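Biologist: Hi! I'm new to this one and would love a quick tour. Could you bring it up so we can look together?

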Amino acid sequence: MRSPFLSWLARWRPFFLGALALVGCDAARLDAIVPGQSTTADVIRHWGEPPGRWDNDDGSVTWEYPRGPMGTATYLITLGADGVVRRVEQALTEANYARIRPGMSHDEVRRILGSPGSTTVFPLKQEEVWDWRIAGDLQWEEWHLYVNFGLDGRVRSTSKAMIQKG
């Protein structure tokens, strides 16, 4: 007779293997991009076309690679006007969450955290909530960062919540 743990493990094994493969893929992709050396062509070869991008005042461009809605990372790759990678950063960090302030616009928040995994409008509250799934300490916890905007498109507040899986 099979133990309950082994039955559970057999049922969830494909999920865990898939998650590990995604983590491994991102690690290999990150290792392949070297600031100061890698070019636009290198980024496209390893990461593909960016789902999001914006031009910066200094002539550089930032490409966004969100790993959500189920992933807990968003990578921002900044390329100089010369097409060489300047920096690669994981946007969903405690330091970046702390940078979000009341009064910021949608665009300002997106440039710090990347695109949200989902958005929900609450007409009666006259509020739009952006939601990112973020990393937690334990595998059975699912953490979310919420940024609440007024209908004027300006940040009202932020919060984090843990959804316990079980």
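Biologist: Let's start at the end of the chain. In what order do strands S5, S6, S7 and S8 sit in their sheet?
Modeller: One thing before that: this is a predicted model. The order is S5-S6-S7-S8, in an open sheet of four strands with antiparallel pairing. At its edges are S5 (residues 118-122) and S8 (residues 155-164), each pairing on one side only. From one strand to the next, the twist averages 25°.

Biologist: And how many bridges hold S6 and S7 together?
Modeller: Eight, and the two strands pair in the antiparallel sense. To find your way along that pair, look for Arg-133, which stands opposite His-144 in S7.

Biologist: Which strands of that sheet does helix H4 touch?
Modeller: H4 packs on the sheet and touches S6, S7 and S8. Its direction makes about 0° with that of S6.

Biologist: Which residues of H4 are buried?
Modeller: Val-109, Arg-110, Ile-112 and Leu-113. Those residues cover an arc of only 165° around the axis, which puts them on the same side of H4. Just after the helix comes Gly-114, with a positive phi near 85°.

Biologist: What about the other sheet, in what order do its strands come?
Modeller: S1-S2-S3-S4, another four strands in an open sheet, with antiparallel pairing. S1 (residues 52-55) and S4 stand at the edges with a single partner strand each, so one side of each has no neighbour in the sheet. On average, neighbouring strands here are turned by 15° against each other, direction ignored.

Biologist: Zooming in on S1, which of its residues are on the covered face and which on the uncovered one?
Modeller: Gly-52 and Trp-54 make up the covered face, while Arg-53 and Asp-55 are on the uncovered one. There's a general pattern to keep in mind: in a regular strand, side chains alternate between the two faces of the sheet.

Biologist: How many bridges does S1 make with S2?
Modeller: Four, with the strands paired in the antiparallel sense. In one of the bridges, Trp-54 has Thr-62 of S2 as its partner. S1 and S2 form a hairpin with five residues between the strands, and Gly-59 there takes a positive phi near 95°.

Biologist: Moving along, how many bridges join S3 and S4?
Modeller: Five bridges join S3 (residues 74-79) to S4 (residues 85-90), and these strands run antiparallel. Leu-76 stands opposite Glu-89 in S4, and Thr-78 has Arg-87 as its bridge partner. This pair is a hairpin too, with five residues between the strands and a positive phi of about 80° at Gly-83 in the turn.

Biologist: Back to H4 for a second. Which strands of this sheet does it lie across?
Modeller: H4 (residues 106-113) lies across S1, S2 (residues 61-66) and S3, and it runs at about 110° to S1.

Biologist: Changing topic: how many residues are in the largest nonpolar core?
Modeller: It has 14 residues, and those with the most contacts inside it are Ile-100, Val-109, Leu-113, Trp-132, Val-147 and Val-155. H4, S6 (residues 127-134) and S7 (residues 141-150) each supply at least two residues of this core. Apart from it lies another core, of 11 residues, with Val-61, Trp-63, Tyr-65 and Ile-77 among them.

Biologist: Let me click on Val-155. What is it in contact with, leaving aside neighbours within four places in sequence?
Modeller: Its contacts include Ile-100, Pro-102, Met-104, Val-109, Val-147 and Phe-149.

Biologist: We skipped the early helices. Which residues of H2 are buried?
Modeller: In H2 (residues 40-47), Asp-42, Val-43 and Trp-47 are buried. Seen down the helix axis, they fall within an arc of 100°, so they line one face of H2. Gly-48 follows, and its phi is positive, near 85°.

Biologist: Now the whole chain: how many helices and strands are there?
Modeller: Four helices and eight strands. From the N terminus on, they run α-α-β-β-β-β-α-α-β-β-β-β.

Biologist: Last one: what percentage of the residues count as buried?
Modeller: Of the 166 residues, 34%. The accessible surface comes to about 10100 Å², with 56% of it belonging to carbon and sulfur atoms.

Technical notes
Residues are numbered from 1 along each chain as its sequence is written. This is a predicted model: local features need pLDDT of at least 70, side-chain atom pairs count only at pLDDT 80 or more; totals for chains, interfaces and linings use all residues. Side-chain values use heavy atoms; hydrogens and water are left out. Buried means under 20% relative accessible area, exposed over 50%, partly exposed in between (1.4 Å probe, protein chains only). Accessible areas come from the Shrake-Rupley method with a 1.4 Å probe; for residues, only the protein chains shown count as cover. The arc is that of the directions from the helix axis to the C-beta atoms. Two strands pair if DSSP finds at least two bridges between them. Axes are lines fitted to C-alpha atoms, for helices over the stretch in contact, and angles run from 0 to 180 degrees between N-to-C directions. Contact means heavy atoms within 4.5 Å. A nonpolar core is a set of buried Ala, Val, Leu, Ile, Met, Phe, Trp, Tyr and Cys residues joined through side-chain atoms within 4.5 Å.
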